[in-house]
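Dear colleague,

Please find the structure below. My notes on what turned up follow it.

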Amino acid sequence: MIVLNGGSSSGKSGIARCLQAVLPDPWLTFGVDTLVEAMPASMRASDAGIEFAPDGEVIVGPEFRTLETAWIEGVVTMARAGAGVIVDEVFLGGAASQRRWQKALDGLPVLWVGVRCESAVAAAREIARGDRVPGMAATQADVVHEGVTYDVEVDTTRSESMECARIIAAHIG
């Protein structure tokens with residue numbers, strides 16, 4: 001299992017696709033965006049679900065946490081069944097978010113990867129993408145890494161996704 005953690009527009013999804021290309025066996029990728037998109041639209045604008053504030057802050061409520069827990073358990077079940085799994089995550093709660101995954105992943109080999117990107121560069125990518133609330137990248141760039149422990153870190157500020165994927169792949173035993 002590989003867990004990529006980084007802020008919005010830091011390059012995690014691109015790295016995940018490149019990892020699929022460079023790793024010798026097939027790996028599945030799942031991102032927190034997939035979870036959010038799978039939720040009913042009513043939960044994407046609810047204080048019980050997930051809210052995207054105009055300034056880019058992301059606020060999650062109890063119904064989101066309940067579904068997130070089920071989603072994590074489902075992803076982990078695939079890994080326990082033998083699938084290689086790459087998770088593209090945004091640890092909004094920093095270390096507390098990592099602990100939720102660690103608890104579920106207990107006993108599985110996991111490579112924890114920090115995906116960093118300078119705030120200004122991530123913000124420029126966010127604008128270019130056009131599918132994010134402006135401000136998310138800047139808000140998340142540092143907070144998602146607070147208190148999180150990694151096996152390897154990459155920085156996409158000046159490095160391409162493929163270069164980062166090769167660095168990560170070198171740590172897969």
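First, a term: two strands pair if DSSP finds at least two bridges between them. Strands (E, at least two residues) and helices (H or I, at least four) are DSSP runs, numbered from the N terminus. This is a predicted model: local features need pLDDT of at least 70, side-chain atom pairs count only at pLDDT 80 or more, and totals for chains, interfaces and linings use all residues. Residues are numbered from 1 along each chain as its sequence is written, and side-chain values use heavy atoms, with hydrogens and water left out.

**The sheet**

Start with the strands. Five of them form an open sheet, and they pair in parallel. The order is β2-β5-β1-β6-β7. Why do β2 and β7 each have one side without a neighbour in the sheet? β2 (27-31) and β7 (152-155) stand at the edges, and each has a single partner strand, so one side of each stays free of a sheet neighbour. From one strand to the next, the twist averages 20° (axes are lines fitted to C-alpha atoms, for helices over the stretch in contact; angles run from 0 to 180 degrees between N-to-C directions).

Now the pairs, starting from β2. Five bridges link β2 with β5, and the two run parallel. Phe30 faces Val87 of β5 across the pairing. β5 also pairs with β1, again in the parallel sense, over four bridges. There, Asn5 has Glu89 of β5 as its bridge partner. Further along, four bridges hold β6 and β7 in a parallel pair. Val115 is matched with Val154 of β7.

β5 (84-89) deserves a second look. Six of its six residues are buried (under 20% relative accessible area; exposed is over 50%, partly exposed in between; 1.4 Å probe, protein chains only). Both faces are covered. Gly84, Ile86 and Asp88 are buried on one side. Val85, Val87 and Glu89 are buried on the other.

**Helix α4 and the loop after it**

α4 spans residues 95-104. Its buried residues are Ala95, Ser97, Gln98, Trp101 and Ala104. What covers them? The cover includes α3 (62-80), β5 and β6 (111-116).

Asp106 comes next, in the loop between α4 and β6. Buried or exposed? Asp106 counts as exposed, because its relative accessibility is 59%. In sequence, Asp106 and Val76 are 30 residues apart; C-alpha to C-alpha, they are 9.6 Å apart.

**Ser10, Thr156 and Val58**

Ser10 sits in the loop between β1 (2-5) and α1 (12-22). Its relative accessibility is 3%, so Ser10 counts as buried. Beyond its neighbours within four places in sequence, Ser10 is in contact (heavy atoms within 4.5 Å) with Val115, Cys117, Arg125 and Thr156.

Thr156 is also in a loop, between β7 and α7 (161-169). Thr156 is buried too, because its relative accessibility is 3%. Residues up to four places away in sequence aside, Thr156 touches Ser10, Ile15, Val115, Arg116, Cys117, Arg125 and Cys164.

Val58 belongs to strand β4 (58-60). With a relative accessible area of 16%, Val58 is buried. Its contacts, leaving out neighbours within four places in sequence, are Ile50, Glu51, Phe52, Leu92, Met136 and Gln140. Val58 and Thr156 are 98 residues apart along the chain, and 22 Å separates their C-alpha atoms.

**Pockets**

On a 1 Å grid over the protein atoms alone, a pocket is an open set of points with protein on both sides within 12 Å along at least five of seven lines; a cavity is a set where a 1.4 Å probe fits but cannot get out, and lining residues have an atom within 4 Å of a point. Points are joined across faces, edges and corners, and volume is the space filled by probe spheres set on them.

The largest pocket has a volume of about 620 Å³. It is lined by 36 residues. Val32, Asp33, Val90, Arg132 and Met136 lie nearest its centre. The lining has 14 nonpolar (Ala, Val, Leu, Ile, Met, Phe, Trp, Tyr, Cys, Pro), 13 charged (Asp, Glu, Lys, Arg) and nine polar residues (the others, Gly among them).

The second largest pocket comes to about 200 Å³. Its lining includes Met1, Trp27, Leu108, Pro109 and Ile172. By class, that lining has nine nonpolar and two polar residues, and no charged ones.

Best wishes
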